[in-house]
Amino acid sequence: MIAKGVGNVLAYTLISELPELGKLNRIEIATLVGIAPINHDSSSFPGRRYIRDGRHPIRTVLFVSITSAIQHHPKLKSMYKRLVDAGKPKKLALITCMKKQITILNTMVKNSTYWDESMA
């Protein structure tokens, strides 16, 4: 097992589509995948944040993967529940969990560590 909620499809997609994994910091990797929130503000008018650009195939597979991950990954499950209970939209909570998951995977590759259930 690579990590909770990460199957073969996501692993192979990350290997083939994201060779920068483990070489960038958390903000850069989230921006590269296209899950970093981009503000759409205009002077004094606060706009909504949205995600766009990035690598669409990775974002698509990551979105499908996160639905499984929030059921089995203890950190992501509690994070998702906390955000939804705070009144955040469910899609926003999923995107936030996607960002957390890619950050965890990036750190695992960067530090050459394996998934450890006790550290979850």
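These questions and answers cover the core, one buried residue and one backbone angle of a predicted model.

Local features here need pLDDT of at least 70, side-chain atom pairs count only at pLDDT 80 or more, and totals for chains, interfaces and linings use all residues. Residues are numbered from 1 along each chain as its sequence is written, and side-chain values use heavy atoms, with hydrogens and water left out.

Student: Which helix gives the most to the largest nonpolar core?
Tutor: A nonpolar core is a set of buried Ala, Val, Leu, Ile, Met, Phe, Trp, Tyr and Cys residues joined through side-chain atoms within 4.5 Å. The largest has 30 residues. Helices are DSSP runs (H or I, at least four residues), numbered from the N terminus. Eight residues of this core come from the top contributor, α5.

Student: Is Gln 101 buried or exposed?
Tutor: Gln 101 sits in helix α5. Buried means under 20% relative accessible area, exposed over 50%, partly exposed in between (1.4 Å probe, protein chains only). Leu 62, Ile 66 and Leu 76 are among the residues that Gln 101 touches (heavy atoms within 4.5 Å), not counting residues up to four places away in sequence. At 3% relative accessibility, Gln 101 is buried.

Student: What is the phi of Ser 112?
Tutor: Most residues other than glycine have a negative phi. Ser 112 lies in the segment after α5 and is exposed, with a relative accessible area of 64%. Its phi is positive, near 55°.

Conventions: Helices (H or I, at least four residues) and strands (E, at least two) are DSSP runs, numbered from the N terminus.
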